[in-house]
Amino acid sequence: MSPAWKETNKHLEKEFVFSDFIAAFAFMTQVALIAEKMNHHPEWTNVYNKVHISLSTHDAGNTVTDKDRKLAAAIDKLMK
């Protein structure tokens with residue numbers, strides 16, 4: 001089970017760890033498709049098998065909104 005999202009510095013953040021780069025990249029592809037449908041795009045980094053995601057709503061002054069929480073929940077569903 002992955003840790004919960006943490007709200008820090010007006011962002012929701014979470015790191016995901018996978019077996020290898022291919023699995024991490026596949027996850028990022030799935031997230032990208034969901035984010036595009038929601039018209040809400042994460043800030044993220046990927047190094048080998050780790051993906052760090054940071055969510056905030058730029059239109060709301062770079063703070064956490066329901067839009068971020070909905071995307072975070074959708075991302076978590078991918079991990080089940």
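Is Asn39 buried or exposed? At 54% relative accessibility, Asn39 counts as exposed, and the views below, all taken from a predicted model, return to this residue in the last legend.

**View 1. The largest nonpolar core, with its most connected members.** The largest nonpolar core holds 16 residues, of which Trp5, Phe16, Phe27, Val51, Ile53, Leu55 and Ile75 touch the most other members. At least two residues of this core are supplied by each of strand E2 (11-17), helix H1 (21-38), strand E4 (50-55) and helix H2 (66-78), and the largest share, five residues, comes from H1. In soluble globular proteins, nonpolar side chains tend to be buried together. Val51 can serve as a point of orientation: leaving aside its neighbours within four places in sequence, Val51 is in contact with Lys14, Glu15, Phe16, Phe18, Ala24, Phe27, Met28, Thr45 and Asn46.

**View 2. The aromatic cluster.** Trp5, Phe16, Phe18 and Phe27 form one aromatic cluster, and a search of the whole structure finds four aromatic pairs. A pair of aromatic rings is described by the distance of the centres and the angle of the planes. For Phe16 and Phe27, the centres are 4.8 Å apart and the planes lie at 45 degrees, which makes the pair tilted. This pair links distant parts of the chain, with Phe16 in strand E2 and Phe27 in helix H1, eleven residues apart. Phe16 counts as buried because its relative accessibility is 1%, and Phe27 likewise counts as buried, at 3%. Phe18 and Phe27 form another tilted pair, with 4.9 Å from centre to centre and 40 degrees between the planes. Phe18 is buried as well, with a relative accessible area of 14%.

**View 3. Helix H1, its buried side and its N-terminal cap.** With 18 residues at 1.5 Å a residue, H1 should span 26 Å, and its end C-alpha atoms are 26 Å apart, so the expected and modelled spans agree. Ala24, Phe27, Met28, Val31 and Ala35 are the buried residues shown in H1. They cover an arc of only 100 degrees around the axis and therefore lie on the same side of H1. An α-helix has 3.6 residues a turn, so residues three or four places apart point the same way. The buried residues of H1 pack against E2, E3, E4 and H2, whereas Ile22, Leu33, Glu36 and Lys37 are exposed on the other side of the helix. At the N-terminal end, H1 is capped by Asp20, a side-chain oxygen of which lies 3.3 Å from the backbone nitrogen of Ile22.

**View 4. Helix H2 and its two sides.** The 13 residues of H2 should span 18 Å at 1.5 Å a residue, and the end C-alpha atoms are 19 Å apart, which agrees with that expectation. In H2, Asp68, Leu71, Ala72, Ala74 and Ile75 are buried. Seen down the helix axis, these buried residues fall within an arc of 165 degrees, so they line one face of H2. The elements that cover them include E2, H1 and E4, while Asp66, Lys70 and Lys77 are exposed on the other side of H2.

**View 5. His40 and its polar contact with Asp68.** His40 is found in the loop between H1 and strand E3 (43-47), yet it counts as buried because its relative accessibility is 5%, where the cut-off is under 20%. The side chain of His40 makes a polar contact of 2.6 Å with the side chain of Asp68, itself one of the buried residues of H2. Leaving aside neighbours within four places in sequence, His40 is in contact with Ala35, Ser56, Thr57, Lys67, Asp68 and Leu71.

**View 6. Two loop residues with positive phi.** Most residues other than glycine have a negative phi, and most peptide bonds are trans. Lys10, although not a glycine, has a positive phi of about 60 degrees, and its place is in the loop between strand E1 (6-8) and E2. At 53% relative accessibility, Lys10 counts as exposed. Asn39, again not a glycine, has a positive phi of about 50 degrees and is found in the loop between H1 and E3, where it follows H1. As the opening question anticipated, Asn39 counts as exposed, because its relative accessibility of 54% is over the 50% cut-off.

Note on methods: Residues numbered from 1 in each chain as written. Predicted model: local features only at pLDDT ≥ 70, side-chain atom pairs only at ≥ 80, totals over all residues. Heavy atoms only, no water. Core = buried A, V, L, I, M, F, W, Y, C linked by side-chain atoms within 4.5 Å. Buried < 20%, exposed > 50% of the residue type's maximum accessible area, 1.4 Å probe, protein only. Helix = DSSP H or I, 4+ residues; strand = E, 2+ residues; numbered from the N terminus. Contact = heavy atoms within 4.5 Å. Polar contact = N/O pair within 3.5 Å; in protein donor to acceptor, adjacent residues only side chain to side chain. Expected span 1.5 Å × (residues − 1). Arc of directions from axis to C-beta. Phe/Tyr/Trp six-rings, centres within 6.5 Å; stacked < 30°, edge-to-face > 60°.
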